[in-house]
Amino acid sequence: MPTYSYRCPVCGPFDLVRSMAEVTAAEPCPDCGRDGGRIWGAPALRGMDSGLRRALDDGERSADRPDVVSAVPGRSRRATPVTRDPRHAMLPRP
Ligand SMILES: [Zn+2]
């Protein structure tokens, strides 16, 4: 039988094994009893490319615990490519 994931608003995600005929949109949380909504996910993650699986895991993790940044992302001088071609000096500057 497949495993279905739900998310309790208080306790977080939990998994339940149900037959496809018994699956519902919400199930009571095994810890607190509140209704947890079903989480829709991609099946058969084992055969997936590791990079894609990592990206999906990061996306799921950031939904609950987004990364905290200490500065506004922007252009850094290091990221700007430097060219030594003299023809590039004639290009218009922003
Ligand atoms: Zn709960």
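How many bridges pair β1 and β2, and in which sense? The two strands pair in the antiparallel sense, over six bridges. This holds for a predicted model, and the values below are computed from it.

**Overall make-up**

The protein has one helix and four strands. Read from the N terminus, the order of elements is β-β-β-β-α. Of its 94 residues, 12% count as buried. Among contacts with a separation of 6 or more, 23% link residues 24 or more positions apart. The exposed area of the protein is about 8300 Å², and 55% of that area is supplied by carbon and sulfur atoms.

**The sheet**

The four strands form an open sheet with antiparallel pairing, in the order β2-β1-β4-β3. Strands β2 (12-17) and β3 stand at the edges with a single partner strand each, so one side of each has no neighbour in the sheet. On average, neighbouring strands of this sheet are turned by 40 degrees against each other, direction ignored.

The pairings can be taken in turn. Between β1 and β2 there is a hairpin, with three residues between the strands. Strand β1 (residues 3-8) also pairs with strand β4 (residues 35-39), in the antiparallel sense and over three bridges. On the other side of the order, strand β3 (residues 26-28) is joined to β4 by three bridges, and these two strands run antiparallel. β3 and β4 form a hairpin as well, with six residues between them. In that turn, G33 has a positive phi of about 90 degrees.

Individual bridge partners show how the strands are set against each other. S5 has a partner in each of two strands: D15 in β2 and I39 in β4. Y4 has L16 of β2 as its bridge partner, while Y6 stands opposite R38 in β4. For P28, the bridge partner in β4 is D35.

**Two faces of β1**

Which side chains of β1 point to one face and are buried? They are Y4, Y6 and C8. The side chains of T3, S5 and R7 point to the other face and are not buried, so the side chains alternate along β1.

**E27 in the edge strand**

E27 lies in strand β3. Is this residue buried or exposed? Its relative accessibility is 10%, and E27 therefore counts as buried, the cut-off being under 20%. Leaving out residues up to four places away in sequence, E27 touches Y6, F14, L16, R18, E22, R34, D35 and G36. One of these, Y6, is also among the buried residues of β1. The side chain of E27 takes part in the two polar contacts listed here.

| Side chain | Partner side chain | Polar contact |
|---|---|---|
| E27 | R18 | 3.3 Å |
| E27 | T24 | 2.8 Å |

The contact with R18 joins E27 to a residue that is also on its list of touching residues.

**Cysteines**

How many disulfides does a search of the whole structure find? The search finds zero. A disulfide is a covalent bond between the sulfur atoms of two cysteines. C8 is buried and points to one face of β1 together with Y4 and Y6. C11 has a relative accessible area of 39% and is partly exposed, because this value falls between the 20% and 50% cut-offs. C32, at 37% relative accessibility, counts as partly exposed for the same reason.

Note on methods:
Residues numbered from 1 in each chain as written. Predicted model: local features only at pLDDT ≥ 70, side-chain atom pairs only at ≥ 80, totals over all residues. Heavy atoms only, no water. Buried < 20%, exposed > 50% of the residue type's maximum accessible area, 1.4 Å probe, protein only. Contact = heavy atoms within 4.5 Å. Areas by Shrake-Rupley, 256 points an atom, 1.4 Å probe, with all protein chains shown as cover. Disulfide = S-S within 2.5 Å. Pairing = 2+ DSSP bridges. Polar contact = N/O pair within 3.5 Å; in protein donor to acceptor, adjacent residues only side chain to side chain. Axes fitted to C-alpha atoms, helices over the stretch in contact; angles between N-to-C directions.
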